[in-house]
Each structure stands twice: as structure tokens, then as C-alpha cells.
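Hi everyone, thanks for coming. Please take a look at the structure on the screen, and we'll walk through a few parts of it together.

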Amino acid sequence: MTRLRRKALVALFLFTLFIFGTMMGLRTLKPSDGFSDMAPGLDFTGGEHSERRRPDNKDLQASSPQSETGNSDTKVVFTRSDREYSIFYDVHIFYYLWYGAPSMDQKYIHWDHVLVPHWDPKIAASHAQGNHLPPEDIAASFYPELGPYSSRDPSVLENHMSQIEEAAAGVLVLSWYPPGVADDHGEPTEDLVPAVLDAAHKHSIKVAFHIQPYKGRTEQSMHDNIRYIVDKYGQHGAFYRLRSSTGRVVPLFYVYDSYLTPSDSWAELLTPKGSHTVRGTPYDGVFVALIVEERHKNDILASGFDGMYTYFASNGFSFGSSHQNWKAIKTFCDTNNLLFIPSAGPGYVDTAVRPWNNHNTRNRVNGRYYETSLQAALSVRPEIVTVTSFNQWHEGTQIEKAVPKKTATRLYLDYLPNQPEHYLELTRQWAENFNKEKDKWLL
């Protein structure tokens, strides 16, 4: 009798552990009610209200010269011997060009990223410091199928465009710094933009620009940046523009960490009466700001931006990235004639570069986190959805192919039991579903 009671208690204990483990895994699918601690660089700046005027964004549609005619001018259809398939210009994916390897760059760049110390010395002291040592030890929690590659390798660019085409994302949103400028851990890459445009064009993929917060970025320098980009790349076949129902065609620019510049300064660039406005000039376009805090909604409106995007793939990390807030943000944008572009991601883990930031990790749950994120995005009926990201390996948001990898000192995460292309396939499925749903919205 005692033996049976012991077996029953052991079974009950194991069952309780199973239930607890399941609940902890599924918690990553639920939105957070709070505002999590921020990673370095998230210092917020407010701004004043000013007069604004913007294009009629409700008339804007993602567009391509090769687009199929129909209810929405948003896709291009290819025919192969075995099937017909599409890519969609209302699905945008963030892309990074900052990786280097000895084969092309004489050294590793970004794969050897420093372990960023916490700003509190007491917390920093309890975590590892120093740099990663590629190729066995890279600054990522997953390991790319291509290995620690160079963004300068033409074969890598071609491989990436094939993967993005496989994912059905029609617009590559290129992280961009001005000539001669780079992030704190990289080197300038602006000279690679022509190669990216050419590679994208072969796959009918378009390229938009994600302007980064380089040191000294102001509304005046942004004016110079826009002129540079439009003058140098505006005539390329892969340069992305939006087409309105009236036939007006304009480029789109994402502006990362836009909150670092006050709204009255942005208004000098983005409102008709600004001292160096682009409105009504050949450099006019659709300018999309990053929303992090709730108060940024009104700052973005006062600045003269045309819309807002959320970027971060960690649900609950910020007001803007919390799925539960997207409906309210979309309502605000609709009321004020702004685009709302939610950003969906497959998960988040940046502890390979911020070892103290484990509380913002979001487990992939074999793709269920990604599908939950995509469903949340589609539920607010946006014109455009962004994917964070194709290859931001440091933050573990990539959908690029990854493979299992174990070394003497590292055991990398992977996509098992799924194949390396799992997240490309999920993206295609949801892109196709998004466009089917949009057709219904128009009925």
C-alpha cells in the first residue's frame, strides 16, 4: 500500500512539473501589461507641437512596376515549371548589411561583437565581458546556415535575396548609414548599397531605407541624406516607392530612434512651412517614425511624420511593441491620417551581446510566437506589415536559415524539430493570408 502511495505521489509531482513547464513556455505568447527595462540607447526626448501637412496615406498602396492588376496593387506573380507563386510589396523585412568575415574583409565584423556591459556597475560585474571569437563563438544565440558570413560576398547577397523571395517579402528595408559612417561596432557599408539594389532587382524585390541614428543626425542632415538617397538610387529599378490611387508615386523612409530628435526640429523638415521642408519637392515621401512610448504618438503627429512603426520583436518590451496596444495605436493613426505599420517577429534573445537582458527574451515555441505576432498585426488591418528581421542575429530575431551547432564552449539554439527554412515558410504562409484578408477588407 505504501509503495502504491509513493508511486501516486511521484506521478502527481511529475504531472505538476509538466503543467508548470507548459505554462512557462506559453507565457511567451501573451502580452505583457508592463513596460520592461530598456536596452542601452533608449533615451527618450519629447517635442513641441507644430503645423503639419502630409500625403493622404489612406490612398497609398504598396506598389511595383511589375505588379499584377487586381483589387490591390501589391504583388508580383511568378510562374515556374512546377508552380505559380507571388511576392508581396506590403510585406517589408528589416535587413542588416554590417557583417564581415576574413574572406572579404580581412577580419570578422559584428560576429565578434563586444558583450555590452550593464549601465549599473554592480550588475555588470556579475556578467561576462569581452568580445566573441568567431567562427566557433559568434555574437548570436543561433548559428547561420551560411556560417559567419560577409555582407560583401556577392554569393551571400544572392542567397539572401533567394531566401527573402522564398519568404514572399517584397520589400527589403535596408539599415542605412551615410557614406563613411557606421554603427559603434561596425564599419561603413554605404558603398554596398548598389550591390544590394542589383541583387534585389534580379528577384523583383524592392529596397526601402531604414535610416539609423548616427552621431550628429539632425533634421538638416536628414534633408541631405534624403537628397543623397533619391538622387543616387531613385532611378534604380529596385528603389521602393508607394503608388497612390491618384497615381502619385513617392518613396518611403523608416526613421529609427526618431524620438531622439525633438518634434519641432522634425517639423522643419516634414511640414510645408519648415525652414528646409521636403514637402512638395522632388524629395517628398512617406516618412515613418518609431513609436516606443505612448507619448510618442503625439510627438510623431506634431513632427509631421506620415506614420509610425513598432520594430521591436519582444512583445511587452515597450508600449509600441506590445500587441495589446496595437488596436489603440491603429485607431489613433486612422483618426489622424497616419499609417500604422506593426512589426512582427519570430522571437527575441539578445543575451549573446547583452548577457544581463534575459528578462526580455521571448521564446520561439517552434514558430507559435511568430504566428501569434503575425496574427496580432493582421488583426488591426494594416496597409503594410514589417518583419523584424531577416538577419539581426545579435537579437535573435532573424528568419534567415539557421542550423544546429555545438562547440567546445557553446551550444547554439536552433529551429529543430523544424527545418532551417521554417520561418521563411511561415512568413510566406502569412503573407499570402494577409493579402487574402486585404481583398476581403476591400469588399
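Just after helix α4 comes Ala 168, and its phi is positive, near 70°. Helices here are DSSP runs of H or I with at least four residues, numbered from the N terminus. Before going on, a word on the source: this is a predicted model, where local features need pLDDT of at least 70 and side-chain atom pairs count only at pLDDT 80 or more, while totals for chains, interfaces and linings use all residues. Residues are numbered from 1 along each chain as its sequence is written, and side-chain values use heavy atoms, leaving out hydrogens and water.

Back to α4. Its buried residues (under 20% relative accessible area, with a 1.4 Å probe and protein chains only) include Val 156, Leu 157 and His 160.

How do α4 and α11 pack? Helix α4, residues 154-166, meets helix α11, residues 422-441, at an angle of about 45°, and their axes, lines fitted to C-alpha atoms over the stretch in contact, are 8 Å apart. The two are therefore oblique, the word for angles that are not under 35, over 145 or from 65 to 115 degrees. On the α4 side, Gln 163, Glu 165 and Glu 166 make the contact (heavy atoms within 4.5 Å), and on the α11 side Leu 424, Glu 425 and Arg 428 do.

Now for some rings. Counting Phe, Tyr and Trp rings with centres within 6.5 Å, we get 29 aromatic pairs. In one of them, Tyr 370 and Tyr 423 have centres 6.1 Å apart and planes at 50°, so the pair is tilted (neither under 30 nor over 60 degrees). Tyr 370 lies in α10 and Tyr 423 in α11, so this pair ties together parts 53 residues apart in sequence. Both tyrosines, Tyr 370 and Tyr 423, are buried.

Terms used
Axes are lines fitted to C-alpha atoms, for helices over the stretch in contact, and angles run from 0 to 180 degrees between N-to-C directions. Buried means under 20% relative accessible area, exposed over 50%, partly exposed in between (1.4 Å probe, protein chains only). Rings of Phe, Tyr and Trp (its six-membered ring) pair if their centres lie within 6.5 Å; planes under 30 degrees apart count as stacked, over 60 as edge-to-face and the rest as tilted.
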